[in-house]
Amino acid sequence: MEKTINGIKYYLPKYLTPDQEAIFCHIINWKRKNITKDRGWYKGHEYDAFFPVGTSSYAMTYKPIISYLEEMQHGDFAYKLHEFTPHAVSSQMACINLFMPLLLSEQASHILKKLSTCPSNFKEIARDKLYHGFCFEYWGQDVKKGKGVLNDHCSGAGTDADVAISYYDNENNLCLWLIEHKLSEKEFTTCGGYNSKNNVYKDNCIKCSLTDIANEPLKCYYHKIKYKYWDIYRTHEEKYQGNIQIIGCPFREGLNQLWRNQLLGFALQETGVYKNTTFSVCHHAKNRMLNQSILRYKELTCRNKMFNSFTNYDVLNAVNDVKSDLHSWLNWYKDVYCF
């Protein structure tokens, strides 16, 4: 869709919210200034956020981390590229650009502890685990192969965390911090079971309460296809006692992704590999669209410290508070993503 904003012409997706439009336009302006003014094509339409054919897949990547990404992709923690990673407003690439330079820094542990959302028992990154202590798109592949600890992992589906950080706590126990990153998304991933054309029990999702489904998990399509979500949930049911006044299953819409990522952490913890797991959402500070789902999930879990949220600006403020080798990256990241 062609649209003129502040006298500048853009080719944007239809139906962007004001928050999404602001994020898209800022990053497109940076792309035009620093990479190319040319547009790319998707399904027969031109878009400014897409790159033209032949553009490097690392066009939006902070250049000093490219060699580390390539090394990661040839190791045990290679990650699957999202469909829209070769895209200026890619959430996956924005996640890598935010976290990889930070987590490779020698001062990373000190910086993370500056975040109010850092796990309270965090001592230092466990550099001897994962890829130098972290990885992307983590589903516990080093803990259980095949379909993973939730029995839901396959080429086209499954629960994973955008960032996983392994760390040692104050008693030197190995722990795990899972993080979901969002850039311009207006909602978290909704329930694939509810949306599946094979689910002939959709009425259960709408009419049955959370307690009803927990007591009779076969009411849920996920349980019918052997995903272990409700098995894990029932061992942690006491953490989900908040009242959020949703009719039917509260996990059929945006809370679904938050719930599944939390369950991934629980399942990994139950293997005994990790003493403790926590889950966070990191979203762009100018993206206010996710706030309702984040707040509802916090209310449902009675604000249990197992979950919290922070913004990319919080990360940048934490970096500013510590003398580090990240000055060049900080300026670059702000230029690309902050306004």
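How many bridges join β8 to strand β9, and do the two run parallel or antiparallel? Let me begin there, and let me say at once that what we have in front of us is a predicted model. Seven bridges link β8 to β9, which covers residues 277-283, and these two strands run parallel. If you would like a pair of residues to look for on the screen, Glu180 stands opposite Val281 in β9.

On its other pairing, β8 is joined by six bridges to strand β7, residues 161-169, and here the strands run antiparallel. The pair to look for in this case is Tyr167, which stands opposite Cys175 in β8. Strands β7 and β8 form a hairpin with four residues between them, and in that hairpin Asn172 takes a positive phi near 65 degrees.

Now, is β8 itself buried or exposed? Strand β8 spans residues 174-182, and nine of its nine residues are buried, so that we can call the strand mostly covered, remembering that buried here means under 20% relative accessible area. For those of you new to this, it helps to recall that the side chains of a regular strand alternate between the two faces of the sheet. In β8, one side carries Leu174, Leu176, Leu178, Glu180 and Lys182, while the other carries Cys175, Trp177, Ile179 and His181, and both faces are covered.

Let me stay in this region and turn to a residue of strand β9, namely Ser280. Ser280 counts as buried, with a relative accessibility of 0%. If we leave aside its neighbours within four places in sequence, Ser280 is in contact with Trp177, Leu178, Ile179 and Glu180, and also with Thr117, Asn308 and Phe310.

One of those contacts, Thr117, deserves a look from its own side. Thr117 sits in the loop between α4, residues 108-112, and β5, residues 122-125. Although Thr117 is in a loop, it is buried, because its relative accessible area is 9% and the cut-off is 20%. Not counting residues up to four places away in sequence, Thr117 touches Trp177, Ser280, Asn308, Ser309 and Phe310.

Next, a helix. Which residues of α11, the helix of residues 291-300, are buried? They are Ser293, Ile294, Tyr297, Lys298 and Leu300. These residues lie on the same side of α11, because they cover an arc of only 165 degrees around the axis. The general background is that an α-helix has 3.6 residues a turn, so residues three or four places apart point the same way. As for what they meet, the buried residues of α11 pack against α7 (210-215), α10, β9 and β10 (307-311). Just after the helix, Cys302 takes a positive phi of about 55 degrees.

That brings me to backbone angles, where the rule to keep in mind is that most residues other than glycine have a negative phi. Leu130 is not a glycine, and yet it has a positive phi of about 50 degrees. Leu130 lies in the loop between β5 and β6, residues 134-138, and at 14% relative accessibility it counts as buried. Asn151, which is likewise not a glycine, has a positive phi of about 60 degrees. The loop that holds Asn151 is the one between β6 and β7, and Asn151 counts as partly exposed, at 22% relative accessibility.

Finally, let us consider the empty space. The structure holds one cavity of 30 Å³ or more, and the largest cavity contains about 90 Å³ of space. Its lining is made up of 15 residues, and those nearest its centre are Cys191, Cys205, Cys220, Tyr222 and Cys249. The elements that give two or more residues to this lining are α5 (192-195), α8 (221-224) and α10 (255-270). By type, the lining of the largest cavity has 11 nonpolar residues, three polar and one charged.

The second largest pocket has a volume of about 270 Å³. Of the 16 residues lining this pocket, Pro119, Ser120, Thr278, Lys305 and Met306 are the closest to its centre. Here the elements that give two or more residues are α10 and β9, the strand that pairs with β8 through seven bridges. The lining of the second largest pocket divides into four nonpolar residues, 10 polar and two charged.

How values were computed: Residues numbered from 1 in each chain as written. Predicted model: local features only at pLDDT ≥ 70, side-chain atom pairs only at ≥ 80, totals over all residues. Heavy atoms only, no water. Buried < 20%, exposed > 50% of the residue type's maximum accessible area, 1.4 Å probe, protein only. Pairing = 2+ DSSP bridges. 1 Å grid on protein atoms, 1.4 Å probe; cavity = no way out; pocket = protein on both sides within 12 Å on 5 of 7 lines; lining within 4 Å. Points joined across faces, edges and corners; volume = space filled by probe spheres on them. Nonpolar A, V, L, I, M, F, W, Y, C, P; charged D, E, K, R; others polar. Arc of directions from axis to C-beta. Contact = heavy atoms within 4.5 Å.
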